[in-house]
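Below are some comments on the model you sent round. They are numbered so that you can reply point by point.

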Amino acid sequence: MDDVPRRRTVLTAVASGLAVTAGCLGGNSDEGPYGGWLSSANNFEEVVDRTGQDEVQVAVGAGSGYAFDPAAVRVTTGTQVRWEWTSFGGGHNVVEADGLFESDLMTREGKQFTHTFSEPGVYRYVCTPHRTQGMLGVIEVVDE
């Protein structure tokens, strides 16, 4: 009977593993662009340059359903960014880290949310329900 793990021991081990996993997915690293914000982001390979365009589209629920595509995009001031839902991965939203913009939680393909960026800067955003699953993005806005 001593060799059989007790329920509390098993639950403690599982909880510890979840805590470590959540810490690894939280984007706490300072490595990479934007202070490490994208270090655990799904679908991030490089910053996509879309400067000079009036409108840029970002897919919501790309890849495995838990990514933005592109995950990081550079635009010029005055650009309208349009996030468009794919219907993959369940309900998603787009929430800027400092509260500048926030969409509703949506699930249907083709739903859209737009924001026009009038000031240069780095705008970090997440899908709130899937942040710990790597659904992070960045809009970098530069002057022409």
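**Notes on the surface patch and the two sheets**

1. Asp-54 lies in the loop that connects β1 (48-49) to β2 (55-60). Please keep in mind throughout that this is a predicted model. Asp-54 has a relative accessible area of 68%, and since exposed means over 50%, the residue counts as exposed.

2. Which residues form the negative surface patch? Asp-54 is one of them, together with Glu-119, Asp-143 and Glu-144. Membership requires over 30% relative accessible area and no salt bridge, and the 68% of Asp-54 is given above.

3. Next, the open sheet of 4 strands. Its order is β3-β2-β5-β7, and the pairing is mixed. At the edges are β3 (68-69) and β7 (112-117), each of which pairs on one side only.

4. Within this sheet, β5 covers residues 79-85 and pairs with β7 in the antiparallel sense, over 6 bridges. For a concrete position to inspect, take Trp-83: opposite this residue, in β7, stands Phe-113.

5. There is also an open sheet of 5 strands, again with mixed pairing, in the order β1-β4-β9-β8-β6. Here β1 and β6 are the edge strands, and each pairs on one side only. The loop holding Asp-54 therefore follows an edge strand of this sheet, because that loop runs between β1 and β2.

6. At the β6 end, strand β6 (residues 95-96) is joined to strand β8 (residues 121-126) by 2 bridges, and the two run antiparallel. Val-95 has Val-126 in β8 as its bridge partner.

7. On to the pairing of β8 with β9. Strand β9 spans residues 136-142, and its pairing with β8 is antiparallel, over 6 bridges. One position to check is Val-122, whose bridge partner in β9 is Glu-140.

8. In what sense do β4 and β9 run, parallel or antiparallel? Strand β4 (residues 72-76) runs parallel to β9, and 5 bridges join them. Ala-72 has Val-138 as its bridge partner in β9.

9. Finally, Val-75, which belongs to strand β4. Its relative accessibility is 0%, and because buried means under 20%, Val-75 counts as buried. The C-alpha atom of Val-75 is separated by 8.9 Å from that of Val-48, with the two positions 27 residues apart along the chain as the sequence offset. In contrast to buried Val-75, Asp-54 from the opening point is exposed.

Note on methods. Residues numbered from 1 in each chain as written. Predicted model: local features only at pLDDT ≥ 70, side-chain atom pairs only at ≥ 80, totals over all residues. Heavy atoms only, no water. Patch = residues over 30% accessible without salt bridge, like charges linked within 9 Å, V, L, I, M, F, W, Y side chains within 5 Å. Areas by Shrake-Rupley, 256 points an atom, 1.4 Å probe, with all protein chains shown as cover. Salt bridge = Lys/Arg side-chain N within 4 Å of Asp/Glu carboxyl O. Lys, Arg positive; Asp, Glu negative; His and termini not counted. Charge placed at Lys NZ, Arg CZ, Asp CG, Glu CD. Buried < 20%, exposed > 50% of the residue type's maximum accessible area, 1.4 Å probe, protein only. Pairing = 2+ DSSP bridges.
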